Amino acid sequence: MGMSSIDRSQSVGGTRTYEVRTYGCQMNVHDSERLAGLLEDAGYVRAPEGADGDADVVVFNTCAVRENADNKLYGNLGHLAPKKASRPGMQIAVGGCLAQKDRDTIVKRAPWVDVVFGTHNIGKLPVLLERARVQEEAQVEIAESLEAFPSTLPTRRESAYAAWVSISVGCNNTCTFCIVPALRGKEKDRRPGDILAEIEALVAEGVSEITLLGQNVNAYGSDIGDREAFSKLLRACGRIEGLERVRFTSPHPRDFTDDVIAAMAETPNVMPQLHMPLQSGSDTVLKAMRRSYRQERYLGIIEKVRAAIPHAAISTDIIVGFPGETEEDFEQTLHVVREARFAQAFTFQYSKRPGTPAAEMDGQIPKKVVQERYERLVALQEEISWEENKKQVGRTLELMVAEGEGRKDDTTHRLSGRAPDNRLVHFTKPEQEVRPGDVVTVEITYAAPHHLLAEGAVLDVRRTRAGDAWEKRNAEKAAPQPAGVMLGLPKIGVPEPLPVAASGCGCD
C-alpha cells in the first residue's frame, strides 16, 4: 500500500492547507485528483512538499485490497493524533474503499477523525468538513450508490501532458478474491459524447496523451447496451486532432473481443501496449477464482494481439498461492508466462481479504510454499523481461519526455521518456531544451530488465503543444497564485509502472 507521487504540491500561504494521501489502484489516484479539485474549489490550497501531516486538512483515500490495509491506516491515523491535538482547527478525513467497507468502525477506533466518506460520494467532502467543524462532531456519510460521476467534479490535475479519463466506474464481475465490486458497486458507464468532450477539452489545454480508465475498462458498453462501444470509443479517440497517444487500463480477458484488437491495430494513436490480467494459468484455479476464461482462451487473445500488433508490449497481474493451488497448478502459470512472454508482470502473493469468498475457502497455502513459488515466478519473469527488452536494442523509437520518472537523471545527466509501448527509456540529454511532453527520437543502445538506455545523441527533438502547456503551467506555479482551483493536468496519464508485487488492486 504505497503513497502516490502525485499527492502533494506547492501551497499559497495564509489560507487553509490540505494534503491528500492516496493508496491503491489507478481509480483511487484519479479520485484523489477530484478530491484535490473539490478542496481547491472550496478555497483550500495544497500543503508544501513534504508536509507530512502539517496541513489543516489531511485526507486519506484508502484501499481495502492490499494486505493489512486497515492496520496501516490506523497506524497513520495514530501518528497524526498528537499533531491534531496540538493544532487547533486541524481536520482528518478518511475516504475510499476501506471507508466504504468499515464505515463506523473508523471513528470508533480513531475518534479524532472528523469525516468518513465512501467511494460513491467523494463530492461531499468539503460539505462534510464544514459540517464537522460547525457541529464539532464526526461526520460519517456513506452512499450506497454513485451520486455523481466523478468526472463531473472539479479536478486538480498534476501533469500538463497526460491525463486519466474515467469511462466507467464499478464492476459486474464476482471474482472470489476481490472485494472491489462490493465497494465500488455495479458498472456504470459514461455516455460516449461526455467522454469525448472531456478528452477534447484536455487536448485543447495541451494534453497529448490520455489513459481511459475503468475497473473493467473493456466491458464498457454493458451498461448502455452496446457490446462494441469500447472499440468504437478507441476509434473515436483516433479522430481527435492533437491527441497523440491513447492507452487504457485495465481490461478483462472475458470482454476482450476481436473488434477491440482491430481497433487497437487500426487506430494510429492507440499505443501498442496491453495490460491483460492473467491471475493464474491453471484452469482449476481460474474456476475457483470465478474467472470466466481459461488458459487456452487467454493465450488465444495474446496470439491474436501479437499477430495484429507485432511490437505490442503485454503486461499482466498474477496471484501466487490462491487457496487450493497445487504445484501442478502453479506449473501451469509458469507455462503461460513462458508462452505469453510478458514485458512485465505485477505479481502478488495471495493473502486473505476479509469479505471475499476466497478468505473462507479450504486449502489455504502455507506462507513458506507461497513465498517459494513467488520467488520462482519472479525469477522467470525477470529473465523474460530482460530478453524481451534486449530485442529493443538497435530500434529507433519516439519517446514522450516524462517528468520525474528517472530517479537518477540528475546524477547521470540523462532525461527519461516513454516509448509508444510504455517502456521506460533513459536518454542522453540533448544540448537544446527539452520539456516534459515534447517528443524525442532516439536509438536504443542497452537493455536492462526494467528500462532501456539510449546512450547516443538524440536524433530529433519535436517541440509540442504539450511541452508548451508544461512550460506555461510551471511559469504560473512560480508566480504568486490566489487560492482556488488550479486546472493543471495527471502526473500520470500513462499509469506509472509500479514495482513488482505492488501493482494496482490486481483484481481486474
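# A walk through the predicted model

Gln 279 sits in the loop between strand 12 and helix 10, and it is a convenient place to enter this structure, which is a predicted model. The phi angle of Gln 279 is positive, about 70°, although the residue is not a glycine. With a relative accessibility of 0%, Gln 279 counts as buried, because that value falls under 20%.

The two elements on either side of that loop, strand 12 and helix 10, return in the surroundings of helix 11, since both are among the elements that cover its buried residues, together with helix 9, strand 13 and helix 12. Helix 11 runs through residues 295-308, and at 1.5 Å a residue its 14 residues should span 20 Å, which agrees with the 20 Å that separates its end C-alpha atoms. Its buried residues are Gln 295, Tyr 298, Leu 299, Ile 301, Ile 302 and Val 305. Viewed down the axis of helix 11, these buried residues fall within an arc of 150°, so they line one face of the helix. The general reason for such a pattern is that an α-helix has 3.6 residues a turn, so residues three or four places apart point the same way. On the face of helix 11 turned away from the buried side, the exposed residues are Glu 296, Glu 303 and Ala 307.

A similar reading can be made of helix 5, residues 125-135, where Leu 125, Pro 126, Leu 128, Leu 129 and Ala 132 are buried. Around the axis they cover an arc of only 165°, and therefore they lie on the same side of helix 5. Those buried residues pack against helix 1 as well as against strand 3, strand 4, strand 5 and strand 6. Just after helix 5 comes Glu 136, with a positive phi near 55°.

Helix 12, already met as part of the cover over helix 11, also packs with helix 13, the two axes lying 10 Å apart at an angle of about 10°. Because that angle is under 35 degrees, helix 12 counts as roughly parallel to helix 13. Helix 12 contributes Glu 327, Phe 330, Glu 331, Leu 334, Val 337 and Arg 338 to the contact, while helix 13 contributes Arg 373, Arg 376, Leu 377, Leu 380, Gln 381 and Ile 384. Sorted by class, this contact holds 6 nonpolar, 1 polar and 5 charged residues.

Beyond helix 12, in the loop that leads to strand 14, lies Phe 342, a buried residue with a relative accessible area of 0%. Leaving aside neighbours within four places in sequence, Phe 342 is in contact with residues that include Tyr 298, Val 337, Gln 381, Ile 384 and Glu 388. Of these, Tyr 298 is one of the buried residues of helix 11, and Val 337, Gln 381 and Ile 384 take part in the contact between helix 12 and helix 13. Phe 342 and Glu 388 are 46 residues apart in sequence, and their C-alpha atoms are 8.1 Å apart in space.

Two further loops deserve a careful look at the backbone. In the loop between strand 11 and helix 9 lies Ser 250, and the peptide bond that joins Thr 249 to Ser 250 is cis, with omega near -10°. His 413, in the loop between helix 14 and strand 16, has a positive phi near 60° although it is a residue other than glycine. Whereas Gln 279 is buried, His 413 counts as exposed, because its relative accessibility is 60% and the cut-off is over 50%.

How values were computed: Residues are numbered from 1 along each chain as its sequence is written. This is a predicted model: local features need pLDDT of at least 70, side-chain atom pairs count only at pLDDT 80 or more; totals for chains, interfaces and linings use all residues. Side-chain values use heavy atoms; hydrogens and water are left out. Axes are lines fitted to C-alpha atoms, for helices over the stretch in contact, and angles run from 0 to 180 degrees between N-to-C directions. Helices (H or I, at least four residues) and strands (E, at least two) are DSSP runs, numbered from the N terminus. Angles under 35 degrees count as roughly parallel, over 145 as roughly antiparallel, 65 to 115 as roughly perpendicular and the rest as oblique. Contact means heavy atoms within 4.5 Å. Ala, Val, Leu, Ile, Met, Phe, Trp, Tyr, Cys and Pro count as nonpolar, Asp, Glu, Lys and Arg as charged, and the others, Gly among them, as polar. The expected span of a helix is 1.5 Å times one less than its number of residues. Buried means under 20% relative accessible area, exposed over 50%, partly exposed in between (1.4 Å probe, protein chains only). The arc is that of the directions from the helix axis to the C-beta atoms.
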